[in-house]
Each structure stands twice: as structure tokens, then as C-alpha cells.
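Me: I'd like to go through some of the labels on this one and see what backs each of them up. Mind taking my questions as they come?

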Amino acid sequence: MCGRYTLTSSGEDLALVFDLPELPFLPPRYNLAPTQEAAVVRVTEPGGPRHLDLLKWGLIPYWAKEASIGNRMINARAEGVAEKPAYRFSFKKKRCLVATDGFYEWKKEGKAKQPYLIRRQDRKPFAFAGLWSTWKDQEHGGQTIETFTILTTSPNDLMRPLHDRMPVILDKENFDLWLDPKMEDAEKLLPLLVPHAPEGFEAFPVSRAVNSPANDVAGCIEPLVVE
């Protein structure tokens, strides 16, 4: 599962990693939570440029009757996205990169759960594999809402002591394939949705302040000091 993550990188670093034609200007987010708007990178038409957009976290399938379904669809298990009705259209037509530079997971320690931050050792941004969707709220004048979900897979060696799932992290060389609107071949896409190698990443405990989405401050990402 991936229920909280960070995006604090500079516009220059984001433009470099994601090959964006323009520098994005985003406020640092130290504790991104479901239902909030967050940055994704997508290509919306064949041959078009990559662009960074703010979408709501929690996928609402285009056929949904109520927006509230998105609250339960912040993650999608990679093993079923090609077949499950909630995800198969987006998997085929609407894939995105979720921009991030770290994510949180909670490890059970006795009766409590200790949050950990997982990030690259060089602190550079990276990408979760994501799916997005466009939904029209017919009960409120046809308002359009764009949403996304983060794909998850089995854990690698770094994540296994913390949780039995982890977000799918895509390497830069696979960005073009994942974003290509013309690519609909599941046999080429599904092999990307595997646990990322742990090399180059680190995990360390942080303050339980991250338990509350109201706490979106730099202290959330600081290593916990044990006295």
C-alpha cells in the first residue's frame, strides 16, 4: 500500500527527471494524503509533449455513479489492473507517472505502528506508476474531475520488513513506454509492474506527526532521533 508520500523537489529537478518542456512551480509537500491534489506527468495525445498536471488522488472510474468511490481507490494492485473493471480502461488508455521523492510506510512495533520514510539516497525525485481517469459529475452540472491511483506490487528486500506491498517505481528508461497513449499491449506493460531494486534507496523512522494529514511540514521527513 502507499497511503502517504512526499514531493519537495525543485522545479529544475522535476523538469530534468521527467523531461518536461517547462519548469513546474509547486509548493513542497511533506505529507501528501488521499483526496488531495497531487502532481502527475502524462501524455494526453499521441505524439504530444509530457506535461505535469494536478489531479485528485483517488481514482474515480468514468462509469462511477458517485465520486465517493475514489476514496477507496488510492491504490491499485498491479496484478489485476489489466482485467478489473475499475482499472482496465485507464490501464489501456490513461497511464501516468506520479511525481514523488519519498513515501511513508508504517511498521508494526508491539502495539504501535512506527512510520518510516523511504526515499532515494541522493534525494532525487522518482516516479510511481499511476493510472488516471476523467469523471463527470452529472448531478452537479457535469463538472469534470480528474483523478489518479498509484499501482502497488510485492515488496523488495528493503520494504519487506515494513509491509507486504510497495508502490511500483518505474525507471526513467521505461517512462516513454508507460506514457505512450498508443501502447495498449498488456504483455509489454505488465512486466514493468514489478518490485524495484532496493539499491540506491533508504528507509528510516520518522515522527508520528505524519499520522495526521494536517501535518505537512519539513519535520515530517527528518530522521527520528531516539534518545
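Me: Which residues are linked in a network of salt bridges?
Reply: Asp19, Arg50, Lys172 and Asp176 are the ones joined up that way. Bear in mind that this is a predicted model.

Me: How many salt bridges does the structure hold?
Reply: The count comes to 13.

Me: What makes Asp13 and Lys124 a salt bridge?
Reply: Their side chains have N and O 3.5 Å apart. The cut-off is 4 Å between a Lys or Arg side-chain nitrogen and an Asp or Glu carboxyl oxygen, so the pair qualifies.

Me: And which parts does that pair tie together?
Reply: Asp13 sits in helix α1 (residues 11-18), while Lys124 is in the loop between β8 (112-120) and β9 (126-137), so the contact ties together parts that are 111 residues apart in sequence.

Me: Why is Asp13 called partly exposed?
Reply: Its relative accessible area is 23%. Buried would need under 20% and exposed over 50%, so Asp13 falls in between. Lys124 gets that label too, with 36%.

Me: What about Glu79 and Arg165: how do you know that they form a salt bridge?
Reply: The closest N and O atoms are 2.9 Å apart, and that is within 4 Å, so the definition is met. Glu79 is in the loop between β5 (75-77) and α2, and Arg165 in the loop between β10 (143-153) and β11 (166-167), so here the parts tied together are 86 residues apart in sequence.

Me: Are those two buried or exposed?
Reply: Arg165 has 8% relative accessibility, which is under 20%, so we call it buried. Glu79 is at 48%, so it counts as partly exposed.

Me: What makes Asp157 exposed?
Reply: Asp157 has 56% relative accessibility, and the bar is over 50%, so it passes. Its salt-bridge partner is Arg160, with N to O at 2.6 Å. Arg160, at 48%, is partly exposed.

Me: Why do such side chains pair at all?
Reply: Opposite charges can pair up when the charged atoms come close.

Me: Last one: which residues make the nonpolar surface patch?
Reply: Tyr62, Trp63 and Phe89 make it, and it covers about 340 Å².

Me: How do you know that Phe89 is accessible enough for a patch?
Reply: Patch residues need over 30% relative accessible area, and Phe89 has 37%, so it clears that bar. You'll find Phe89 in helix α2 (residues 88-93).

Methods. Residues numbered from 1 in each chain as written. Predicted model: local features only at pLDDT ≥ 70, side-chain atom pairs only at ≥ 80, totals over all residues. Heavy atoms only, no water. Patch = residues over 30% accessible without salt bridge, like charges linked within 9 Å, V, L, I, M, F, W, Y side chains within 5 Å. Areas by Shrake-Rupley, 256 points an atom, 1.4 Å probe, with all protein chains shown as cover. Helix = DSSP H or I, 4+ residues; strand = E, 2+ residues; numbered from the N terminus. Buried < 20%, exposed > 50% of the residue type's maximum accessible area, 1.4 Å probe, protein only.
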